[in-house]
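Please look through the sequence and the model shown here, and work through the questions that follow.

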Amino acid sequence: MWTELSATISSLAVVFFMFEKYLNYFPYTIRGYAERNFRKVVNFVNPYVAISFHEFTSERLKRSDAFFAIQNYLSTSSTENAKRLKADVVKESQSVVLSMEDYEEVTDVFNGVRVWWASGKIPPQSKSISWFPGSEEKRYYKLTFHKRYREIITKSYVEHVLKKGKEIAVKNRQRMLYTNNPSKDWHGWKPTKWGNIVFEHPSTFDTLAMDTAKKEEIKKDLIKFSKGKDYYAKIGKAWKRGYLLYGPPGTGKSSMIAAMANLLDYDVYDLELTTIKDNSELRKLLIETKGKSIIVIEDIDCSLDLTGQRKKRKEKDDDEADKEKDPISKKKKEAEEESGSKVTLSGLLNVIDGIWSACGGERIIIFTTNYVDKLDPALIRRGRMDKHIVMSYCCFEAFKVLAKNYLDIESHELFGKIEELFVESKMSPADVADSLMPKSDEQDEETCLKRLVEALEASKEEARKKSEEEAMLKTKDGVVTEG
Ligand SMILES: Nc1ncnc2c1ncn2[C@@H]1O[C@H](COP(=O)(O)OP(=O)(O)OP(=O)(O)O)[C@@H](O)[C@H]1O
Ligand SMILES: [Mg+2]
């Protein structure tokens with residue numbers, strides 16, 4: 001059968017090639033007629049049907065899910081069949097995934113029906129010479145089968161391939177940490193909007209030091225969200241949830257994001273707004289994100305001037321001097337001037353809960369800030385940022401988690417004193433963790449706990465001095481006012 005088939009295909013290919021080659025020599029008037037009839041004859045003689053699955057959909061906005069599902073599906077059958085394979089290492093370098101090289105062909109059998117898969121790519125349309133070959137290449141897979149099996153292939157086989165492909169993708173899935181490339185680098189050789197590395201942050205909810213009840217509440221909230229596909233569909237809401245994490249530096253906001261990603265097994269997209277040119281580029285970035293992901297904008301107050309009052313503020317020249325003194329305004333202004341970004345508050349809001357935000361499956365959006373009061377209320381209203389989580393200074397309960405993690409102890413005679421000291425001192429979990437961490441093999445738990453006691457006492461002393469100064473200032477003000 002094979003010999004017969006290849007002989008037929010080769011003769012057809014020769015005829016087809018000759019026809020295409022000499023088509024231009026036909027008189028213009030009969031060229032279209034000749035071509036149409038030739039194709040009719042070819043279709044009549046050729047009993048095979050071909051379906052192409054392209055990497056990009058027609059608008060080239062989004063990579064096709066079907067293409068990737070097929071790629072995964074073929075990774076299993078091609079290892080047995082294909083002669084040229086591409087290798088990729090996944091799962092912390094533990095396993096290798098093989099896929100078909102370009103222009104390779106493999107066969108597959110489904111319910112006794114044989115089909116052929118071929119991989120190919122369409123070269124760039126433009127004829128101009130480019131320094132970046134390959135940047136416009138469009139890859140595709142072509143499925144060929146006998147027309148007798150059209151029904152079974154189009155109805156059952158394609159569905160089977162997509163389902164299996166998705167299952168394989170889940171099995172091989174390695175979580176990624178993405179960050180957006182500056183929009184000015186989106187053109188050129190292999191343009192990608194997101195750069196990525198494997199996400200390997202070790203923070204979990206067990207290692208996170210905070211109030212236990214609050215921790216449990218957040219965990220339940222996240223799990224409920226991740227299982228809420230049907231519920232969100234029922235209430236007619238896009239399957240997404242916004243979290244606002246705020247609190248002083250070193251209180252565990254970034255660690256919390258990593259813990260969330262580890263709990264839900266989601267990818268993380270770290271969005272840097274200052275390098276995005278405008279709102280439409282921001283939207284393009286969002287479209288390229290996948291489901292099961294956390295989109296993070298850290299230090300939102302510093303990212304851009306997102307207070308929604310850009311114009312009004314620019315007119316207020318008399319405020320300029322004050323702003324120069326304010327470190328946040330200064331930082332914001334610098335970021336804006338440096339980047340020339342034109343992303344606006346309304347653009348960002350549109351991305352968070354506009355019509356586009358529902359594209360691509362479940363998503364968590366997280367903003368972090370040290371200064372929650374500086375944010376525009378529109379940005380953080382309920383519904384956009386559904387849950388506000390305050391990350392505060394370390395308390396005794398949080399300390400116990402850190403002591404267990406860092407020193408492997410659950411009680412010690414110094415715990416009583418430490419508990420008392422926590423009432424009056426303000427130390428971030430990052431500082432407490434630093435005191436608790438042994439700096440050499442000689443340092444035992446006692447040394448570390450004593451170091452913490454000293455730090456707590458120093459912080460308590462500092463707090464006392466500060467409140468005294470404030471009290472003095474108040475009295476002075478009172479005297480001045482009265483005078
Ligand atoms: N609540 C916490 N539980 C456990 N470790 C913590 C906690 N908070 C801070 N740490 C430790 O301190 C370090 C800094 O914390 P993290 O980066 O999460 O703080 P942050 O709130 O994001 O600070 P910033 O506002 O400066 O970004 C972390 O590497 C972590 O080890
Ligand atoms: Mg942080």
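A surface patch is built from residues with over 30% relative accessible area and no salt bridge, nonpolar side chains being joined within 5 Å. The structure is a predicted model.

Q: Which residues make the nonpolar surface patch of about 330 Å²?
A: To belong to such a patch, a residue needs over 30% relative accessible area and must take part in no salt bridge. One member, Val41, lies in helix 2, which spans residues 28-45. The patch, with an area of about 330 Å², is made by Val41, Phe44 and Val45.

Q: How many residues of the contact of helix 15 with helix 17 are nonpolar, polar and charged?
A: The axes of helix 15 (residues 396-407) and helix 17 (residues 429-436) come within 10 Å and cross at roughly 35°, and the crossing is right-handed. Helix 15 contributes Phe399, Leu402, Ala403, Tyr406 and Leu407 to the contact, while helix 17 contributes Pro429, Val432, Ala433 and Leu436. The residues of this contact divide into no charged, no polar and nine nonpolar.

Q: Why does the salt bridge of Arg139 and Glu55 tie together parts that are apart in sequence, and how many residues apart are they?
A: Among the 19 salt bridges found in the whole structure, one joins the side chains of Arg139 and Glu55 at 3.2 Å, N to O. Arg139 belongs to strand 6 (residues 138-146), whereas Glu55 sits in the loop between strand 1 (48-54) and helix 3 (65-81), so the parts that the pair ties together are apart in sequence by 84 residues.

Conventions: Residues numbered from 1 in each chain as written. Chains lettered and ligands numbered in written order. Predicted model: local features only at pLDDT ≥ 70, side-chain atom pairs only at ≥ 80, totals over all residues. Heavy atoms only, no water. Axes fitted to C-alpha atoms, helices over the stretch in contact; angles between N-to-C directions. Helix = DSSP H or I, 4+ residues; strand = E, 2+ residues; numbered from the N terminus. Left-handed = near helix turned anticlockwise from the far one by under 90°. Contact = heavy atoms within 4.5 Å. Nonpolar A, V, L, I, M, F, W, Y, C, P; charged D, E, K, R; others polar. Patch = residues over 30% accessible without salt bridge, like charges linked within 9 Å, V, L, I, M, F, W, Y side chains within 5 Å. Areas by Shrake-Rupley, 256 points an atom, 1.4 Å probe, with all protein chains shown as cover. Salt bridge = Lys/Arg side-chain N within 4 Å of Asp/Glu carboxyl O.
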